[in-house]
Amino acid sequence: MKHHAKCASRATAFMFVASLAALGLFVPATVSAQTARDKVEAAKVAKKVEKARRAGERAEKEAQEALKDFRKEVAKYERLHAVQLARLGTRDPALVQEAMARAIVSKRDDAKPGDIFERDVQPLFRRLIAEQLKGPDTAAAREAVGEGNPTEEGSPPVLVRVNAAYPAGASRSTVPPSLLLALPPLPACLQYLFVGRDLILVDSVAQIIVDFLPAAAPALVSR
Amino acid sequence: MNGARVGQFGRLLLVVSLAQCALWNGPPRTEAPPPPERATTGARAGRLATLTLPLTAGSVRFAVIGDTGRGNSGQIEVGRQMAAFHKEFPFDFVIMVGDNIYGADAPVDMVAKFESPYKELLDAGVKFQASLGNHDNPNQRFYKLFNMGNERYYTFRPPTGGGVRLFALDTTYIDKAQTDWFEKELASSTSDWKIAFFHHPLYSSGRTHGSSLETRAILEPLFLKYQVSAAFSGHDHFYERVKPQKGGIVYWVSGAGGSLRKGDIAPTTMTAKGFDRDYHFMLVEIAGDELYFQAISRTGVTIDSGVVHRPGAPVKVPAASPVPEPVLVVPAPVPLATPVVTPTPTPAAKPTPLG
């Protein structure tokens with residue numbers, strides 16, 4: 001009986017000491033492992049950003065023909081935007097959004113998907129997006145697309161349709177900076193955004209969807 | 001006798017195990033508001049927690065808030081606390097690190113989610129300088145009280161100068177136009193203190209978001225090239241001061257001015273100080289080569305404070321240490337359970353250097 005109690009006491013003491021040791025040693029081991037992972041991941045992402053920069057420059061050279069029409073359509077939209085903004089004059093800028101949306105939708109009431117993302121340029125966009133969002137070194141970029149993406153964040157739903165408003169209060173996906181380096185640059189009046197996997201073009205003042213490329217991104221990942 | 005010992009060991013073991021469970025799993029991650037009984041100290045009772053900032057004549061003084069725009073009780077109480085501290089520490093401006101207005105942003109929402117919670121400060125002439133978060137309509141750049149000059153990203157110098165320049169960035173959309181602009185502004189700035197503020201943290205121990213590695217890959221090289229001294233961000237809904245990173249830059253996450261994810265800080269070795277139990281705001285004072293900071297909870301409790309020596313600036317004392325690395329000095333932490341309260345304002349005490 002006495003022997004059993006002694007054994008139980010030793011076993012309990014061992015478990016107690018082991019628990020303390022685990023508490024003292026395992027926490028720092030875990031946190032330093034996380035920091036090391038962060039450093040490794042950060043180095044990968046930095047390399048990837050450089051690759052993205054080069055990919056953007058390469059695309060400029062290789063796909064000039066397809067990009068020519070895209071740029072022409074973007075420039076056409078930029079002119080429309082500038083004219084409508086000028087017409088609104090000195091109105092309180094805070095109230096410009098709605099007026100701009102009305103004006104642009106009335107001027108583009110026959111606009112349809114693919115007017116700007118024309119058929120010829122779509123494969124280029126899909127390739128550039130795939131290069132930046134698929135593969136082993138793209139986890140951070142895919143996470144970024146998920147962050148703020150209205151389909152991921154319990155945000156008001158965004159109806160992806162040409163001329164539809166990007167709803168007030170809907171969150172915005174973070175467009176990975178590496179992807180922005182690879183994609184053709186846009187004028188200040190337009191922005192790329194993701195809604196789910198769709199790449200959309202949004203008017204930065206009117207907050208309307210100008211065009212979209214469906215299922216452009218691979219499946220989203222959340223952290 | 002032995003049986004009693006076994007029982008004692010058993011109880012001890014249970015306590016240790018429970019403590020471990022609490023550490024590993026962390027408290028539940030929710031956006032739940034803090035318990036109401038804790039909202040009765042600080043400014044509400046007309047008393048202030050101790051101010052640790054030195055109040056040096058001619059210094060640059062500002063506050064930092066992030067992820068605020070909900071119009072909820074947490075935001076309103078932080079606003080009250082800020083107003084109370086403003087009486088003792090008259091800061092000129094507040095930087096907002098994004099997610100300034102969640103959801104709808106019609107004029108009535110701007111009142112409920114911004115103008116009303118900070119009415120006292122606005123009435124006192126405090127300027128708010130906003131940066132955009134992923135929940136913000138970019139057209140907030142046109143909203144006069146955010147002082148963004150109609151731009152998604154901009155730079156300004158504080159009214160008191162002090163060799164300080166601040167840069168507000170839009171990290172939801174870092175296109176080439178923005179990085180080109182940022183580089184040009186950094187290159188032409190002659191200010192000693194270059195401080196960036198933006199939404200997505202380059203370094204964060206948040207379980208929900210954590211470090212924005214893509215953003216870091218773009219911005220950090222510019223920070224290093226042009227000697228940015230410090231950076232403030234939000235996005236993760238807690239307070240975190242990160243240990244000095246490359247170039248000695250200190251990063252803060254201050255994303256719980258109106259949003260809170262309790263227990264969202266995962267332990268990492270880069271955390272110098274973290275607080276994820278309640279809403280908070282920050283006060284900052286820059287005097288010469290020193291940046292003093294104080295993070296204050298919704299209830300007026302000091303959750304972190306200290307002083308950062310400007311990276312790259314010569315260290316005057318101690319003479320024995322010629323390394324130009326930033327010196328981070330943090331006073332002993334103030335217990336969280338019992339707010340430090342001074343019934344009558346007293347001259348502010350300087351933080352005690354610990355080395």
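**Exercise 1. Which residue in β8(B) does Ala196(B) stand opposite? Place the pair in its sheet.**

Solution.
- Ala196(B) faces Ala231(B) in β8(B).
- Conventions come next. This is a predicted model: local features need pLDDT of at least 70, side-chain atom pairs count only at pLDDT 80 or more, and totals for chains, interfaces and linings use all residues. Residues are numbered from 1 along each chain as its sequence is written, while chains are lettered from A and ligands numbered from 1 in the order in which they are written.
- Helices (H or I, at least four residues) and strands (E, at least two) are DSSP runs, numbered from the N terminus. Two strands pair if DSSP finds at least two bridges between them.
- β7 (residues 193-197) and β8 (residues 230-233) of chain B pair in the parallel sense, over three bridges.
- Seven strands of chain B form the open sheet, in the order β5-β6-β7-β8-β10-β9-β11, with mixed pairing.
- Its edge strands are β5 (154-156) and β11 (271-275) of chain B, each pairing on one side only.
- Neighbouring strands of this sheet are turned by 15° on average, direction ignored. Such angles run from 0 to 180 degrees between N-to-C directions, with axes as lines fitted to C-alpha atoms, for helices over the stretch in contact.

**Exercise 2. Describe the sheet of chain A.**

Solution.
- Three strands form an open, antiparallel sheet in the order β1-β2-β3 (chain A).
- β1 (190-195) and β3 (209-213) of chain A each have a single partner strand, so one side of each is left without a neighbour in the sheet.
- The twist averages 25° from one strand to the next.
- Six bridges join β1(A) to β2 (residues 198-203) of chain A. Val195(A) has Asp198(A) in β2(A) as its bridge partner.

**Exercise 3. Characterise the packing of α2(A) and α3(A).**

Solution.
- Helices α2 (residues 64-88) and α3 (residues 96-107) of chain A pack at about 130°, with axes 10 Å apart.
- That angle makes α2(A) oblique to α3(A). The cut-offs: under 35 degrees is roughly parallel, over 145 roughly antiparallel, 65 to 115 roughly perpendicular, and the rest oblique.
- The contact (C-beta atoms, placed from the backbone, within 7 Å) includes Leu80(A), His81(A) and Gln84(A) in α2(A), and Val96(A), Ala99(A) and Met100(A) in α3(A).

**Exercise 4. Decide where to read the model with caution.**

Solution.
- The model scores ipTM 0.82 and pTM 0.80.
- Use pLDDT, the predictor's confidence in each residue, from 0 to 100.
- Chain A has a mean pLDDT of 83, and 80% of its residues reach 70 or more. In chain A, confidence is lowest in helix α1 (residues 2-62), at a mean of 67, and highest in β3(A), at 98.
- Chain B averages 82, with 75% of the residues at 70 or above.
- Over residues 12-47 of chain B the pLDDT is below 50, and the stretch has 59 contacts beyond near neighbours in sequence. Residues 330-355 of chain B are also below 50, with 43 such contacts.
- Where pLDDT is low, predicted coordinates should not be read in detail.

Methods: Contact = placed C-beta atoms within 7 Å.
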